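Grab your viewer and work through these short exercises. Each one comes with a worked solution.

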Amino acid sequence: MAECQAQNKAKLISETRRRFEAEYVTDKPDKYDPRDVERLQQDDNWVESYLCWRHDVVDETLKMIDESFQWRKEMAVNDLTEASIPKWLLEIGGIYLHGYDKEGNKLLWIRVKYHVKDNKTILDKKKLIAFWLERYAKRENGKPITVMFDLSETGINSIDMDFVRFIINCFKVYYPKYLSKIVIFDMPWIMNAAFKIVKSWLGPEAVSLLKFTNKHEVQDYVSVEYLPSHMGGTDPFKYSYPPLVDDDFQTPLCENGPIASEDEASSKEDTESDGKDTLETIFGEEQTALLKKINLTESTSKAEENEKVDSKTKAFKKPLSVFKGPLLHISPAEELYFGSTESGEKKTLIVLTNVTKNIVAFKVRTTAPEKYRVKPSNSSCDPGATIDIVVSPHGGFAVSAQDRFLIMAAEMEQTSGTGPAELAQFWKEVPRNKVMEHRLRCHIVESSKPTSLTLKDGAFNMSDKTSEDMCLQFANSRRESDCSPP
């Protein structure tokens with residue numbers, strides 16, 4: 001049945017592309033930005049997002065794409081940069097991305113009190129919304145976003161229905177499937193009539209996405225760690241510009257472990273040794289002995305497990321366990337798998353492989369620096385070498401689906417040193433456009449799921465597999481659980 005649905009979806013995508021080219025592009029090629037037309041022919045997810053929003057009705061989907069593409073060209077969305085936005089608008093902090101809701105969706109904050117209706121500045125404000133949404137869409141393709149309409153300390157002069165309608169249209173037409181919900185905080189009674197109009201713009205199917213909240217109810221959707229104090233939260237974040245507010249990534253706790261020299265030694269061993277030696281470096285001699293014991297006493301169960309892994313691997317023709325970047329291949333590609341509290345061990349691996357001919361410097365950042373220990377978090381990788389990064393929760397903190405990790409990497413000159421001082425200076429000087437970035441989400445494996453998904457059991461049961469094989473098993477096991485009926 002799933003295969004049949006996939007085939008039907010592929011036919012709809014193909015039909016949409018063919019008809020859009022024939023019925024909309026051929027006669028008026030200058031009507032759209034050619035980059036959008038090209039992307040539509042290559043990005044299945046983009047076409048599917050329009051189809052989904054129009055319930056797979058191709059005629060309606062084509063109209064939606066036409067409207068969306070005209071708007072994208074009019075707003076020059078593909079060319080929007082930080083320099084396109086007036087500096088004062090970025091400094092005021094009325095619109096920005098920061099934090100996550102309880103479902104792990106990014107928060108787009110709209111602080112309405114900083115908005116004053118003004119026809120002279122409305123276009124720049126619309127461009128700022130488009131800038132943030134496009135920036136987010138390029139980094140988190142298809143991942144929903146939650147809009148936080150903060151109406152605290154708001155007066156009637158701040159209400160601009162044209163601007164509100166623009167934001168609604170962004171999610172209805174220009175960025176379909178991206179809206180998770182709109183959380184409206186502390187709405188004054190005088191605005192009740194205005195938001196009745198907003199409901200009509202959303203339509204009956206999307207009106208359920210509006211969540212009217214006060215200080216207590218807002219915590220049903222966003223945890224206190226990502227709420228400011230006036231919402232009853234504990235988030236110490238204070239907006240400032242410059243620099244541009246990015247993805248909240250910070251240096252993790254215990255950077256490079258407790259002893260820098262120990263970490264540097266571990267990095268060298270990671271670079272020069274095979275998978276077995278890497279496990280010995282990570283877990284120590286005692287756990288390595290336990291690994292050997294388990295391999296001897298449980299060879300039968302290991303063989304059965306390997307057969308299961310092999311069968312899972314064969315079941316998927318295109319595994320997505322490895323992100324193939326221009327500098328590094330990164331495993332896993334999208335999600336870090338942590339064991340639940342019941343499963344015991346929570347450690348997991350990020351595997352980096354240098355695919356260049358030069359040394360690549362890398363560092364790992366996270367949205368929850370107080371919760372994780374990352375080792376190594378700031379080091380370098382020789383040409384063709386592979387390094388295993390151990391990520392583990394710290395100090396009793398629980399892993400959350402809201403947490404994110406960022407891998408940053410850049411090529412170094414052959415003459416550059418790779419010690420702590422040299423790396424620190426390198427990251428100060430390297431141009432932003434030379435830095436490769438890749439983001440990872442966190443996924444908690446429940447105790448009822450196969451224990452081979454956690455690093456502890458997975459590593460012990462797969463000593464003869466490479467780190468890439470282990471990440472491949474992670475991805476395939478996740479897919480199998482996602483596809484299984486409830």
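**Exercise 1.** Of the contacts in the chain with a separation of 6 or more, what percentage comes from residues 24 or more positions apart?

*Solution.* First, the ground rules: this is a predicted model, where local features need pLDDT of at least 70, side-chain atom pairs count only at pLDDT 80 or more, and totals for chains, interfaces and linings use all residues. Residues are numbered from 1 along each chain as its sequence is written, and side-chain values use heavy atoms, with hydrogens and water left out. Next, take a contact as heavy atoms within 4.5 Å. Residues 24 or more positions apart then account for 76%.

**Exercise 2.** Work out how many disulfides the chain has, and check the burial of C381 and C442.

*Solution.* Start with the cut-off: a disulfide is a pair of cysteine sulfur atoms within 2.5 Å. Applying that rule gives 0 disulfides. For burial, buried means under 20% relative accessible area, exposed over 50%, and partly exposed in between (1.4 Å probe, protein chains only). C381 is buried because its relative accessibility is 0%, and C442 is buried because its value is 4%.

**Exercise 3.** Find the backbone oddities.

*Solution.* Recall that most residues other than glycine have a negative phi, and most peptide bonds are trans. Now the peptide bonds: Y241 and P242 are joined by a cis one, omega about -5 degrees, and another cis bond links K375 and P376, with omega about -5 degrees. Then phi: H55 has a positive value near 55 degrees, and this residue is exposed, since its relative accessibility is 53%. D186 also has a positive phi, about 60 degrees, but D186 is partly exposed at 39%.
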